[in-house]
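Here are some worked exercises for you to try at your own pace. Have the viewer open, attempt each task, and then compare your route with the solution.

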Amino acid sequence: MISTDYDNNNLRRRALAAYYRAESREPGVVPQQPDGNGDVVEHDGRRYVVLNHIEGILAVYRVRNDGQLRKMRRPPKELGG
């Protein structure tokens, strides 16, 4: 699978939007700010977007075959989760 910078930037943007949407649902809770825009990584033939923070990983999203993002409850250990 060949990915372009545009594809990766689009995935990062969508993952950040999903993260803030999900984290802001609880009233009075301010989501932690990710360091940078996230990393698009490939592991075992699948792509993931990893949102990091100083204290560790905030969220990992798997890129499905149809391009949708799915937040991982238990990301692969190789991704640091």
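Buried means under 20% relative accessible area, exposed means over 50%, and partly exposed is in between (1.4 Å probe, protein chains only). The model is a predicted one: local features need pLDDT of at least 70 and side-chain atom pairs count only at pLDDT 80 or more, while totals for chains, interfaces and linings use all residues. Residues are numbered from 1 along each chain as its sequence is written, and side-chain values use heavy atoms, with hydrogens and water left out.

**Exercise 1. Describe the fold and its surface.**

Step 1: Start with secondary structure, where helices (H or I, at least four residues) and strands (E, at least two) are DSSP runs numbered from the N terminus. The protein has 1 helix and 4 strands, in the sequence pattern α-β-β-β-β.

Step 2: Turn to burial. Of the 81 residues, 32% count as buried.

Step 3: Add the accessible surface (Shrake-Rupley method, 1.4 Å probe; for residues, only the protein chains shown count as cover). The total is about 5,800 Å², and carbon and sulfur atoms account for 43% of this.

**Exercise 2. Find the largest nonpolar core and the elements that build it.**

Step 1: Apply the definition: a nonpolar core is a set of buried Ala, Val, Leu, Ile, Met, Phe, Trp, Tyr and Cys residues joined through side-chain atoms within 4.5 Å.

Step 2: The largest such set has 11 residues, among them Leu11, Tyr19, Val49, Leu58 and Val63. At least two core residues come from each of helix H1 (5-23), strand E2 (46-53) and strand E3 (56-63). H1 gives the most, with 5 residues.

Step 3: Look for a separate set. A second core of 5 residues includes Tyr48, Val50, Val60 and Met72.

**Exercise 3. Classify the aromatic pair and place its two rings.**

Step 1: Rings of Phe, Tyr and Trp (its six-membered ring) pair if their centres lie within 6.5 Å; planes under 30 degrees apart are stacked, over 60 edge-to-face, and the rest tilted.

Step 2: The structure holds 1 aromatic pair. Tyr19 and Tyr20 form this pair, at 5.3 Å centre to centre and 65° between the planes, and it is edge-to-face.

Step 3: Compare the accessibilities. Tyr19 is at 2% and so counts as buried, whereas Tyr20, at 28%, is partly exposed.

Step 4: Follow Tyr20, a residue of helix H1, to its contacts (heavy atoms within 4.5 Å). Leaving out residues up to four places away in sequence, Tyr20 touches Pro31, Gln32, Gln33 and Pro34. The C-alpha atoms of Tyr20 and Pro31 are 6.8 Å apart.

**Exercise 4. Which residues form the salt bridge, and what surrounds Arg62?**

Step 1: A salt bridge needs a side-chain nitrogen of Lys or Arg within 4 Å of a carboxyl oxygen of Asp or Glu. The whole structure has 1, between Arg64 and Asp66 at 2.8 Å, N to O. Arg64 is partly exposed, at 36%.

Step 2: For charges, Lys and Arg count as positive and Asp and Glu as negative; His and the chain ends are not counted. Arg62, in strand E3, is buried without a salt bridge, and its nearest side chain of opposite charge, Asp66, is 7.9 Å away.

Step 3: Beyond four places in sequence, the residues touching Arg62 include Arg46, Arg47, Tyr48 and Gln68.
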